Each structure stands twice: as C-alpha cells, then as structure tokens.
Amino acid sequence: TEEEQQAHFDALIEADQRIEPRDWMPEKYRKTLIRQISQHAHSEIIGMQPEANWITRAPSLKRKAILIAKVQDEAGHGLYLYSAAQTLGISREEMTDALIEGRARYSSIFNYHTPSWADMGAIGWLVDGAAICNQVPLCRASYGPYGRAMVRICKEESFHQRQGFEILYELSHGTPEQKQMAQESVNRWYWPSLMMFGPSDDASPNSAQSMAWKIKRFSNDELRQRFVGMCVPQFEALGLECPDKDLRYDEETGKWILGEIDWDEFNAILDGRGPANTDRIRNRRDAHEEGAWVREAAVEYARKQRERQRF
Ligand code: 3HC
C-alpha cells in the first residue's frame with residue numbers, strides 16, 4: 001500500500017540511505033529533485049557563456065588552453081546533471097525547451113557580464129569556490145544519481161577554483177594597473193557570489209523540506225558563512241580588499257557578521273531583469289536552433305544503422 005511505501009521511503013531517508021531511480025518516492029520528492037537538478041544543469045550550461053567571452057582573447061596560449069578546458073568541463077557537468085534529472089522521468093527536450101523559452105531558473109551568478117580578463121580569475125576563485133562549498137555537501141544528497149554526479153563534478157571544480165585564484169594572484173602581484181583590474185573584478189563578483197547560496201534561511205521556502213529529505217545538508221546561510229570564512233585568508237594571500245567593509249568576526253558566536261546583501265538585485269535577476277539575462281537566453285536559443293541539423297543528422301544516422309542491422 002501507499003502507506004507501506006511511504007514508511008519504507010521514510011526509513012531509508014532516516015537511515016541515511018540512497019534513494020535510487022527504481023525506488024518508490026513521494027511525488028513531491030521527485031518534483032523538487034527535478035526542479036533542483038535541472039536548474040543545476042541549466043546553470044552549468046549557461047555558465048559557459050561568461051567565460052567563453054574570453055577564450056579568443058586570453059592573454060597567453062596557456063591561459064587560453066586552461067579556459068577552454070574549464071568551459072568544456074562545465075558543458076560536461078551540465079550533460080551529466082541533465083542525465084541525472086532524466087532518471088526522474090523528465091526528458092532532455094522538456095528541460096531544454098523550458099530553458100530557451102525562459103521558463104527555467106538557472107544560477108543568478110551567470111547573468112553578469114565579463115568586461116575584463118580579471119573576471120576569469122574572479123569567476124574561477126569566487127564562483128567556483130562558492131560552487132564547491134555548495135556542491136561538496138550535495139555529494140551526500142539522498143538521491144543516488146545526484147550525489148554520485150556531484151562526486152565527479154567536485155573533483156573538476158577544484159581545478160576551476162585553483163586556476164582562478166592563480167590568475168588573480170598573478171594580476172595582484174603584477175603592475176599597479178593589473179592589481180587595480182583584479183580589485184575591480186573582485187568588487188564586481190564578490191556580492192553576486194554570496195547570492196549563489198540562495199536567499200537567507202528565513203526567506204527560503206524550499207530549505208526545510210529539502211533538509212528533511214536530506215537533499216540539502218546545510219542551510220543557505222550556513223554555507224554562505226563557510227564560503228566567507230574560506231575567502232578571508234585568501235583575500236590576504238591575494239593582497240586584495242574584501243568588498244564587504246562591514247564584515248567582522250564575532251568571537252562569541254564564532255560567526256562572520258556580513259554586510260547587507262542587495263536582495264533587490266537578487267530578486268530582479270530571478271525575475272529575468274539582470275544585466276545579461278536576455279543575452280544568455282538568446283545565445284542558448286540560437287545555439288539550439290543552429291544545432292538542430294546536427295541532432296537531425298544523428299537521429300537519421302541511428303535510424304539507418306538500425307535498418308542495416310535488420311538484414
Ligand atoms: N539563482 C537562481 N535562483 C535561485 C538562487 C540563485 N542563486 N538561489 C535560490 N534560487 C531560487 C530557488 O531555485 C527557489 O526558486 P524555485 O522554488 O522557483 O526553484 C527560490 O530561489 C528560493 O530559494 P530556496 O533557498 O528556497 O531554494 P533551494 O532550496 O532550491 O536552494 C540552491 C537554492 C541553494 C541554489 C539549491 O537549489 C541548490 O543547492 N542547487 C544546486 C546547486 C546549484 O544550482 N548551483 C548553481 C551554481 S553554478 C555551478 O554550480 C556551476 C559551477 O561550475 C560554477
């Protein structure tokens with residue numbers, strides 16, 4: 001009966017066991033996983049655009065090669081996560097259509113432009129750094145395919161973060177102009193990277209249920225705290241200023257007190273009114289339309305292969 005299936009599911013979650021695609025699961029569990037995993041996949045795919053902007057203009061062959069490798073990794077992460085979402089019964093076409101028709105969410109962070117080379121450093125260091133804070137706990141998500149995808153993705157993410165830090169380190173220890181460019185870039189990316197963790201806990205409608213189902217292991221604010229704590233010593237190593245002038249450590253509580261995050265900016269981006277939302281969706285839609293012939297050719301080729309095997 002439904003009750004027995006629900007009880008079995010609850011016992012698995014309680015015992016910190018994995019839920020696998022063939023297991024019974026509550027419809028709402030399935031829905032929230034499709035929501036989160038598809039958004040995560042969309043974020044990886046859209047996340048290729050800000051960095052792709054600098055592949056043809058990288059300052060050296062070494063930097064160009066590293067950036068190409070990183071963008072290629074993001075594509076792979078996206079395809080990996082779409083496949084994980086498909087195990088829950090949604091098709092790749094449905095997810096792609098939702099994205100190109102502007103009906104799907106993806107991480108707010110990719111709706112900012114990348115006007116300077118230093119942004120490749122700030123994105124690697126801050127954005128992939130934040131992603132690591134968020135993705136390491138997701139390796140233990142109760143849904144098997146998602147947790148296992150995260151293990152593979154986290155390994156590559158640490159290379160992404162390292163190369164970003166190295167770009168900023170080179171600039172901040174270079175000429176005064178280079179140091180200025182690195183500081184300006186960090187000023188532009190610091191607050192948006194804090195927004196990646198989502199709204200504050202008291203304004204997070206999905207957290208309670210996601211934590212009860214052991215999808216989300218730590219709250220949005222807890223992970224934001226962890227990320228800020230990681231950044232502070234790295235700002236010193238970089239010789240760059242943290243843009244949060246109100247940031248201070250509360251010895252009593254062992255907590256970082258952050259300055260005000262601009263949630264109006266965050267909400268505007270979620271409503272599609274960010275600096276680059278329209279560009280990102282248009283580019284994704286154009287790529288989908290221009291790539292249609294490749295998909296048709298592949299389908300036709302597979303059909304002919306099957307025909308041949310028949311005789
Ligand atoms: N950008 C866009 N939407 C966001 C957001 C953000 N930074 N933060 C929260 N939201 C949305 C949520 O999706 C939710 O809307 P919905 O109900 O319509 O989906 C709403 O704001 C309320 O937020 P909640 O905290 O209630 O939602 P969640 O419990 O889902 O928590 C989350 C939000 C922490 C982002 C969680 O979904 C999550 O951990 N997702 C997986 C990680 C992810 O998507 N990371 C993307 C970063 S980019 C990346 O990893 C690529 C790397 O290579 C750089």
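Biologist: Which helix gives the largest share of the lining of the second largest pocket?

Modeller: That is H5, with 4 residues. Bear in mind that this is a predicted model.

Biologist: Which other elements give two or more residues to that lining?

Modeller: Helix H3 (48-52), helix H4 (61-86) and helix H12 (277-290) do, alongside helix H5 (92-100). In total, 15 residues line the pocket. Ile 45, Leu 79, Thr 96, Arg 284 and His 288 lie nearest its centre. The space inside is about 430 Å³.

Biologist: What is the make-up of the lining by class?

Modeller: The lining has 6 nonpolar, 4 polar and 5 charged residues.

Biologist: Now the helix pairs. Why are H2 and H4 called roughly antiparallel?

Modeller: Helix H2 (residues 27-46) packs on H4 at an angle of about 160 degrees. Angles over 145 count as roughly antiparallel, so the term applies. Their axes lie 8 Å apart, and the crossing is left-handed.

Biologist: Which residues of H2 and H4 meet?

Modeller: From H2, they include His 40, Ala 41, Glu 44 and Ile 45. From H4, they include Glu 74, Gly 78, Leu 79 and Tyr 82. By class, this contact has 9 nonpolar, 5 polar and 2 charged residues. Two of these names return from the pocket: Ile 45 and Leu 79 are among the residues nearest its centre.

Biologist: What makes H6 and H8 roughly parallel?

Modeller: Helix H6 (residues 118-138) and helix H8 (residues 176-195) pack at about 30 degrees. The cut-off for roughly parallel is under 35 degrees, so the pair qualifies. Their axes are 9 Å apart, and the crossing is right-handed.

Biologist: Which residues of H6 and H8 meet?

Modeller: Among them are Ala 122, Trp 125, Leu 126 and Ala 130 in H6, and Met 181, Ser 185, Arg 188 and Trp 189 in H8. The contact has 12 nonpolar, 2 polar and 2 charged residues.

Biologist: And why is H4 called oblique to H6?

Modeller: The axes of H4 and H6 cross at roughly 40 degrees and come within 12 Å. Roughly parallel needs an angle under 35 degrees, and roughly perpendicular runs from 65 to 115, so a value between those ranges counts as oblique. H4 is therefore oblique to H6. H4 passes H6 in a left-handed crossing.

Biologist: What residues of H4 and H6 meet?

Modeller: Leu 67, Lys 70 and Glu 74 in H4 meet four in H6: Met 120, Ile 123, Gly 124 and Asp 128. The classes here are 3 nonpolar, 1 polar and 3 charged. Glu 74 also takes part in the contact of H4 with H2. Ile 123 also takes part in the contact of H6 with H8.

Definitions and conventions. Residues numbered from 1 in each chain as written. Predicted model: local features only at pLDDT ≥ 70, side-chain atom pairs only at ≥ 80, totals over all residues. Heavy atoms only, no water. Axes fitted to C-alpha atoms, helices over the stretch in contact; angles between N-to-C directions. Left-handed = near helix turned anticlockwise from the far one by under 90°. Contact = heavy atoms within 4.5 Å. Nonpolar A, V, L, I, M, F, W, Y, C, P; charged D, E, K, R; others polar. 1 Å grid on protein atoms, 1.4 Å probe; cavity = no way out; pocket = protein on both sides within 12 Å on 5 of 7 lines; lining within 4 Å. Points joined across faces, edges and corners; volume = space filled by probe spheres on them.
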